[in-house]
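Work through the exercises below with the sequence and the model open. Try each task before reading its solution.

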Amino acid sequence: MEEDFKKALESTLGRKDIDSIVEQVMDSPARFDDLYALTEHEEEKIAWRATWACEKLSILAPSLLISKREELMQRAMQCPHGGIRRLLLNTLLHLPVPKPINVAFLDFCLNGMLSPAETVAGQAVCMKLAYAICLKEPELMGELEAYLENMEPEYYTAAVQCARNNILKKIRK
């Protein structure tokens, strides 16, 4: 079964192909573990595409990934590949925030949202995750607000500035 997914992920792949894989897992949730195992495949292309499918599943069937939440946090914090890391972070954004919160992951998000080494999409999703975590631990919201207020907007892209401004609006409501 895992081989079927591997073959599909190796070939030329587009959104429709990923959607087809996602549908197969939705139709047969027992196949999820086969797909998830491929997110750690040694061939980067396969890992990236399998992670993309899992990110889509996090929207449609978050229950499949909830038991993997802590593992996904660890993997995101250790992932050297910007595209895969962004997909892992997006996956986590679609899952409920655990309580107690993972402080190391919050620190990672706070650092990631400010890091020029992080991709633009990575910075924005780190910001959104930090906000979601702080909603669970409201006493941390002041710290997040201070981080966002102290960002020098001219050093960030329009997308990151937009995410920053939207989160600051939510905090100040």
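This model is predicted.

**Exercise 1. Aromatic pairs**

Task: Find how many aromatic pairs the whole structure has, and classify each by the angle of its planes.

Solution. A search of the whole structure gives two aromatic pairs.

Step 1. Take Phe 32 and Tyr 36, whose ring centres are 5.6 Å apart and whose planes meet at 35°. Planes under 30 degrees apart count as stacked and those over 60 as edge-to-face, with the rest tilted. The pair Phe 32 and Tyr 36 is therefore tilted.

Step 2. Place this pair in the chain. Phe 32 and Tyr 36 are four residues apart in helix H3 (residues 32-37), so about one helical turn separates them. Both Phe 32 and Tyr 36 are buried.

Step 3. Take Phe 105 and Phe 108. Their ring centres are 6.1 Å apart and their planes are at 20°, so this pair is stacked. Both residues belong to helix H7 (residues 103-114), where they are three residues apart, about one turn of the helix.

Step 4. Check the accessibility of the second pair. Buried means under 20% relative accessible area. Phe 105 has 3%, so Phe 105 is buried. Phe 108 has 17%, so Phe 108 counts as buried too.

**Exercise 2. Cysteines**

Task: Decide how many disulfides there are.

Solution. Step 1. A disulfide needs two cysteine sulfur atoms within 2.5 Å. By this rule the count is zero.

Step 2. Look at Cys 109. The nearest cysteine sulfur belongs to Cys 126 and is 4.7 Å away, and Cys 109 is in no disulfide. With 0% relative accessibility, Cys 109 counts as buried.

Step 3. Look at Cys 162. The nearest cysteine sulfur is again that of Cys 126, here 17 Å away, and Cys 162 is in no disulfide. Its relative accessibility of 41% makes Cys 162 partly exposed.

**Exercise 3. Cavities**

Task: State how many cavities of 30 Å³ or more the structure holds, and describe their linings.

Solution. Step 1. There are two such cavities. The largest cavity holds about 70 Å³ of space, and the second largest has a volume of about 30 Å³.

Step 2. The lining of the largest cavity includes Arg 69, Met 73, Phe 105 and Ile 133. Helix H5 (69-78) and helix H8 (120-136) each give two or more residues to this lining. By class, it has nine nonpolar, no polar and one charged residues.

Step 3. Among the residues lining the second largest cavity are Tyr 36, Cys 54 and Arg 75. Helix H4 (44-60), H5 and helix H6 (82-93) each supply at least two residues of that lining. The lining of the second largest cavity divides into four nonpolar, three polar and one charged.

Key. Residues are numbered from 1 along each chain as its sequence is written. This is a predicted model: local features need pLDDT of at least 70, side-chain atom pairs count only at pLDDT 80 or more; totals for chains, interfaces and linings use all residues. Side-chain values use heavy atoms; hydrogens and water are left out. Buried means under 20% relative accessible area, exposed over 50%, partly exposed in between (1.4 Å probe, protein chains only). On a 1 Å grid over the protein atoms alone, a cavity is a set of points where a 1.4 Å probe fits but cannot get out, and a pocket is an open set with protein on both sides within 12 Å along at least five of seven lines; lining residues have an atom within 4 Å of a point. Grid points are joined across faces, edges and corners, and a volume is the space filled by probe spheres set on the points. Ala, Val, Leu, Ile, Met, Phe, Trp, Tyr, Cys and Pro count as nonpolar, Asp, Glu, Lys and Arg as charged, and the others, Gly among them, as polar. Rings of Phe, Tyr and Trp (its six-membered ring) pair if their centres lie within 6.5 Å; planes under 30 degrees apart count as stacked, over 60 as edge-to-face and the rest as tilted.
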